[in-house]
Structure formats: C-alpha cells, structure tokens
Amino acid sequence: MPAIYTVDPRSGVPLYLQLIEQIKRAIALGMLAPGEQLPTVKALALELTLNPNTVARVYRELERDGVIDTSPGRGSFVRTDGAGVEARRAVADVARAAFEVAVREAKSLGLSREETHELMARTIARWYETELE
Amino acid sequence: MNGPLISLDGLTKRYGNVTAVDDVSLDVAAGSICGLLGPNGAGKTTTFKCLLGFAKPSAGRIAIEGAPLTPATFETLAYVPERASLYDNLTIADHLTLYRRSYKHYDDVRAHELLALFSLDPKQKAKRLSKGMRTAAALTLAFSIRPRVLILDEPSSGLDPVHQRHVLDLMIDAAANGASVLFSSHQVGQVERAADSVAIMKKGKLIVSSVIDDLKSGEKVIEAVFAGPIPDLGDLASDPRVVRLEQNGSMLRAVTRDDSDGIAARIFALHPKSIRTIDLNLEEIFMNAVSEVTL
C-alpha cells in the first residue's frame, strides 16, 4: 500500500497538526473506512521517518476529537460512530482557512470587493464544472 | 522506571578561564529523541564528553538511567563520536567479536542486519574504510548492543542521503522501543524529522530547550502593512510574548515566542491594511536564536 500521508518536516506548521489533518482528510475521503485499523505508532513513525512521540501525540488528539478509538493491546481504529462527521467538519475547517487566506491576500493586494467576488465566482465555476463531467 | 534516562543538572565545564559548558540542565526521557544544535564551539562535544565521563565537570550533576556513571552504565549506553574510533588493523568482523565478548546484550543477528543495511563488508580492515563507511561501522557497533541510551555526535557525517535516512530510522526504532537518544547535528532538517525535542546551545549556554512542535506553534512572524506610517505601538515591544519588533516604513514585523494569535489580535486592533502570520521552520527558529540580535 502506498503511503497515504505526506507531511513536511521542514514546514513551520507543527508536524502533529499536519498529520492530524492528513488522517482526517483520509477519513473524509473514505481512504480510511470506519472500523479500519490504523498502523501502530511505531509502524507509522518508521514509515514516515517521524518521531514516535509525535505520532503518539497525533493518536491521542484524534482519540480526544472522537475520530479514533484506542484500546491497549488491540490498537487504534477509526470510530464507527461519528468519525466521518468529525473528519468532514475538520476538512471543512481546512478549506475555510485556505479560503480566508486567499481572500485576505486579495484584499491586502488592493483588489476591490467586486473584483474579489468576480475572481471567486470564476474559480468556483472552473473547478466545480470539471467535477460534473 | 519513569524518570529521564539522560539527565544533566547545572552541568558546567571550565578550562582555565574559558567556560565551555555553562550551567546546562537537560533531560531526555525514555522513548524520546533530543536533537542538539549549535554553531561550532557552542559546547556540544564537551557536553557529550562530560556526559560520558571523559571530562570531569567543574560543577553540576549527571545521571544516566537515574544514577551516576559506573562501568555498568556502559553495558546499555552507546556512544558514536564525530570521528568514529575503530582499531585500524582490525576488520569489522574483529570488532564485532570484541563487542560480543564485551557487551551482555550484544545481538549478532542485529549486527549483521545493520552491516547489510549499510552495505559493509565485515572482512574489510578499519583502515581501508572511507569516512562514511567508518561512521556506518561505528553505528553498526553502537546499535548492535541494544542500547537503552544513545549518544551520537554528528551521526551522519560522511554518509550518503540513503544511509542518513537509515540512521534516522534506527534512532526512531530505538526510541519506539523505549531508548533515549541524544544526538548533535548540523543538519537542522534531520533534527526536525527524527527528534521530538530540540536543545540549542550557544557559547556554552543552553538557549532553547523545547518540544519542537510546541516551539513551532509559538514562534511565528506577524507581518502587518499599514496605510500610512506605523501608529503608536504602546507597550507592544515589552510584551513577554514578543521576541523582537522590526519596523520598515509602513511595514511592521513581530517575532513571537508564544501565543502568536494574541499578538496578531493586538496588532489587528491598530487597523493595518493587511496582516499575515508566517510559520517559521526549525532552521529559521535556530537562526533567530543564535544570531547576535538581542533586545
């Protein structure tokens, strides 16, 4: 199985946050199904060449967010109740943040409200059009 | 045991008038990897020498697995110096034989796995090895004793990128099995990847010691552009969350140590035309920490 997570250690975004986002994205996209087992901390740490404590922190936070269940001795599993909802919400958060950055950038570059609107409408038309095919 | 496997408390080492290591306190917990960064001459190697009993501290305490150093400490402690020390006239296989006799936990299967990993020929004499191969041989020996404490001084010097990655994986594997690893490196990217915590030394002093992700969460640059001249900033410069303020025309840059959102909110209240938060990677944080600029 190819690695489905890509984290960038050289980024200024903390690694554990990058990996949390990636796992939630994988759940929202159905690459990780409800009930599916996640790799052990050690296996994922070695697969991504990342610190095991960082990966352990990711699993702890995902458990706290209600996305996965971890039971000692058995391992970590995607929750069958609500993990999808939580993951979808998290992915929407990522999209919202990206959107906000784009709009803020347009404003700080001096584009008017109308120009920004126009730009957004054209971008939406382009991407959602392609998806219909 | 739950205490740190490596512990330095107020470690100080003076050579005459020169203080090479100045009141350094640092713990590395079981299962943790700490990357030690610092410019040349910052005191990293001297710290290692004290930690291993090769140099006598002028002050402070050292504990490995919760106890002062004894000969027994070295049964579970592996050290790889920057210049790998091998017996020139012995082959790699001879070195393995020495280790088999000397170390209780020596694992011959593991040793041969590592030789294969680093593409080393056990029949080669140490004096015939290139710099990178010497490092690889020293690492093979170090990891073959199943150490609980690993102290590695520039463990990837001379290695190609593939073997460098193997070294990181070996450290990660050891930590996942409960070992403590303290390693120095000039390659910030390696520390960023494999370590969970970082220690930065400068002129003998420990100037940063933190979980890397926490450091990245706190240390940001907030960049604001104002329509006209920068308004009165009040006591922003003395806010403990601010490391440094830079002003250039209508642009204000604030380097934060923690709670960058709080500082961004303070600046936003001054009605800038635009404001953005820039994430800093470990290299930038390192450069900020060791550069001469101080308030």
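How many bridges join strand β3 of chain B to strand β8 of chain B, and in which direction do the two strands run relative to each other? The legends below take up this question and then move to other parts of the predicted model.

**Figure 1. Strands β3 and β8 of chain B run parallel.** Four bridges join β3, residues 33-37 of chain B, to β8, residues 197-202 of chain B. One residue to find in this view is L36(B), whose bridge partner in β8(B) is A199(B).

**Figure 2. Six strands of chain B form an open sheet with mixed pairing.** Reading across the sheet, the order of the strands is β5-β6-β7-β3-β8-β9 of chain B. Its edges are β5 (77-80) and β9 (205-211) of chain B, each of which pairs on one side only. On average, neighbouring strands of the sheet are turned by 15 degrees against each other, with direction ignored.

**Figure 3. Helix α4 of chain B packs on the sheet.** The helix covers residues 131-144 of chain B and touches β5 and β6 (149-153) of chain B. The direction of α4 makes about 170 degrees with that of β5(B).

**Figure 4. Helix α5 of chain B lies across three strands.** These strands are β3, β6 and β7 (180-184) of chain B. The helix itself consists of residues 161-176 of chain B and runs at about 150 degrees to β7(B).

**Figure 5. M171(B) is among the residues of the largest nonpolar core that touch the most other members.** This core has 101 residues, and A137(B), L150(B), V181(B) and V198(B) are named with M171(B) for touching the most other members. Leaving out residues up to four places away in sequence, M171(B) touches I33(B), V181(B), F183(B) and A194(B). In soluble globular proteins, nonpolar side chains tend to be buried together.

**Figure 6. E154(B) has a positive phi although it is not a glycine.** The angle is about 50 degrees. E154(B) sits in the loop between β6 and α5 of chain B. Is E154(B) partly exposed or buried? E154(B) has 18 other C-beta atoms within 10 Å, and a residue needs 20 or more to be buried, so E154(B) counts as partly exposed.

**Figure 7. H271(B), also not a glycine, has a positive phi near 60 degrees.** This residue lies in the loop between α8 (260-268) and β13 (274-279) of chain B. With 11 other C-beta atoms within 10 Å, H271(B) falls under the limit of 12 or fewer and is therefore exposed.

**Figure 8. Chain B touches chain A.** In this contact, 25 residues of chain B meet 20 residues of chain A. On the chain B side, α5, α6 (188-194), α7 (212-218) and β13 each supply at least two residues. Which element of chain B gives the most to this side? That element is α5(B), with seven residues. By type, the residues on the chain B side divide into nine nonpolar, six polar and 10 charged.

**Figure 9. The confidence of the prediction varies among the elements of chain A.** Helix α4 (residues 83-108) of chain A has the lowest mean pLDDT, 80, and helix α3 (residues 52-64) of chain A has the highest, 95. For chain A, the mean pLDDT is 86, and 93% of its residues reach 70 or more.

Definitions and conventions. Residues numbered from 1 in each chain as written. Chains lettered and ligands numbered in written order. Pairing = 2+ DSSP bridges. Axes fitted to C-alpha atoms, helices over the stretch in contact; angles between N-to-C directions. Contact = placed C-beta atoms within 7 Å. Core = buried A, V, L, I, M, F, W, Y, C linked by C-beta atoms within 7 Å. Nonpolar A, V, L, I, M, F, W, Y, C, P; charged D, E, K, R; others polar. pLDDT = per-residue confidence, 0-100.
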